[in-house]
Every structure is written in structure tokens, then in C-alpha cells.
Amino acid sequence: MNITIRPAAERDIPKLLELLTGICRLHQQGRPDLFRQVGTKYDAEALRPLLSDPSRPILVAADEEDAVRGYVFGQYQVHQGETALNDLTTLYIDDFCVDEACRGQGVGKRLYEAAEALAREHGCYNLTLDVWAFNESAERFYRKRGLKPQKIKMEAIL
């Protein structure tokens, strides 16, 4: 599959919403106590301003027909003048998805590499993301890319 990584555009919103719905379904299956059966992290109205926000880059993997096959939502986090943290900038991956039909074909690897390159271009110290504990395949994918746990978020359900 010939894949091009490019910034997301308004024409991509329908496919982004479709992929976001799939991610929500995955999360709902893994943690039905936390996630609604329907819904997405972002709706079309929330996506539009993100597409033009330089602090929130969104990259898509597009095939030969320019159909979106995956995305990565980023967010620059600047830590400056804080009392405990060193001054640094992080590219936080807010959301990452590859169309189920394209998994295992290198699309995710290309998206991750593009996000990493973007972080380097912007002088980021690191790249971070969250992975739900039930999502073992995502954790394996990120570990293959060299990511390691930075901190562990724990919970007690009351």
C-alpha cells in the first residue's frame, strides 16, 4: 500500500469521525464502566478548529486515492518556569488510530515515525502518550517503536 502522511484537512473529517467511533467502540468494550456505547472523543465541530491549531497537529495516512487510513492527533505541551519540571516541550499523542482493514501493513509505523519527526523538528524533548491497560496490542506496537513506561496511572473503583 502506497501511503502518504500529510496534515489533516477539513475534507478528512468524515473519515476521522469514523475512525474515532471505532476507537470509542474499542474503549467501550475494554472499559464499559467508563465509556459510553456511542460517541467520539471529538465531534465535527470540535475537529474544525483543531485542524488549524498549530499547537495541536493532526496527521493522516492517506492511500493512493487520498482516502484516510489512519491518524495521529498531537498536542504540544510546554513546561517552562515550573517549580519541579525542567523547561521542555513534549509532543503528547492525544489519539492514534489505524483503520482495521490496514493494520499490519506499516501504516501505524509510518504515522508514528511522522509524529516523532514532527516532535524533533519542533525541538521537543520527548513524545508521550497514554495506553489503556486493556489495550495490549497498542502497548506492543508502542514498545516496538521504543517507547517505555514513564509513569503508571492507578485507580480504585469505589
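In the predicted model, Arg-31 is joined to Asp-33 by a salt bridge whose closest N and O atoms stand 2.6 Å apart. The two partners differ in their surroundings, for Arg-31 is buried, with a relative accessible area of 14%, whereas Asp-33 is partly exposed, its relative accessible area being 47%. A second salt bridge links Asp-94 with Lys-41, and here the closest N and O atoms are separated by 2.9 Å. Asp-94 belongs to strand E4 (residues 88-98), while Lys-41 is found in the loop between helix H1 (13-30) and helix H2 (44-51), so that this pair ties together parts of the chain lying 53 residues apart in sequence. On the strand side of the pair, Asp-94 counts as buried at 12% relative accessibility; on the loop side, Lys-41 counts as partly exposed at 45%.

A salt bridge of a more local kind is found within helix H2, where Glu-45 and Arg-48 are three residues apart and therefore separated by about one helical turn. The closest N and O atoms of Glu-45 and Arg-48 are 2.9 Å apart. Glu-45 counts as exposed, at 58% relative accessibility, and Arg-48 is partly exposed, with a relative accessible area of 33%. Beyond such individual pairs, a network of salt bridges links Lys-15, Glu-18, Asp-63, Arg-69 and Asp-99. In total, 15 salt bridges are counted in the model. In general terms, side chains of opposite charge can pair when their charged atoms come close.

Turning to the aromatic residues, seven aromatic pairs are counted. One of them is formed by Tyr-42 and Phe-73, whose rings are stacked, with 5.5 Å from centre to centre and 5 degrees between the planes. Tyr-42 lies in the loop between H1 and H2, and Phe-73 lies in strand E3 (residues 68-79), so this pair ties together parts that are 31 residues apart in sequence. Both rings belong to buried residues, since Tyr-42 has a relative accessibility of 12% and Phe-73 has a relative accessible area of 2%, values that fall under the 20% limit for burial. An edge-to-face arrangement is seen instead for Phe-141 and Tyr-142, which are 5.3 Å apart from centre to centre, with 75 degrees between the planes. Phe-141 and Tyr-142 are both buried. The face of Phe-141 also has a charged neighbour, as Arg-145 lies over this ring at 4.5 Å from its centre. Elsewhere, Phe-35, Trp-132 and Phe-134 form one aromatic cluster.

The nonpolar interior was examined next. The largest nonpolar core comprises 24 residues, of which Ile-93, Phe-96, Leu-111 and Leu-127 touch the most other members. At least two residues of this core are supplied by each of strand E2 (58-62), E3, E4, helix H3 (107-121), strand E5 (126-129) and helix H4 (136-144). Among the contributors to this core, H3 gives the most, with seven residues. The surroundings of Leu-111 can be described in detail: when residues up to four places away in sequence are not counted, Leu-111 touches Ile-5, Leu-59, Val-60, Ala-61, Gly-70, Tyr-71, Val-72, Phe-96, Cys-97 and Val-98. Apart from this largest core lies another core, made up of 15 residues, among them Leu-16, Leu-20, Phe-73 and Cys-97. Phe-73 is thus a member of this other core as well as a partner of Tyr-42 in the stacked pair. In soluble globular proteins, nonpolar side chains tend to be buried together.

With regard to the cysteines, the structure holds zero disulfides. The sulfur of Cys-24 is 12 Å from the closest cysteine sulfur, that of Cys-97, and this separation is too far for a bond. Cys-97, for its part, is in no disulfide, the nearest cysteine sulfur being that of Cys-102, at 10 Å. Both Cys-24, with a relative accessible area of 11%, and Cys-97, at 4% relative accessibility, are buried. Cys-97 therefore combines burial at 4% relative accessibility with membership of the core of 15 residues and contact with Leu-111.

Conventions:
Residues numbered from 1 in each chain as written. Predicted model: local features only at pLDDT ≥ 70, side-chain atom pairs only at ≥ 80, totals over all residues. Heavy atoms only, no water. Salt bridge = Lys/Arg side-chain N within 4 Å of Asp/Glu carboxyl O. Buried < 20%, exposed > 50% of the residue type's maximum accessible area, 1.4 Å probe, protein only. Helix = DSSP H or I, 4+ residues; strand = E, 2+ residues; numbered from the N terminus. Phe/Tyr/Trp six-rings, centres within 6.5 Å; stacked < 30°, edge-to-face > 60°. Lys NZ or Arg CZ within 6 Å of the ring centre and 35° of its normal. Core = buried A, V, L, I, M, F, W, Y, C linked by side-chain atoms within 4.5 Å. Contact = heavy atoms within 4.5 Å. Disulfide = S-S within 2.5 Å.
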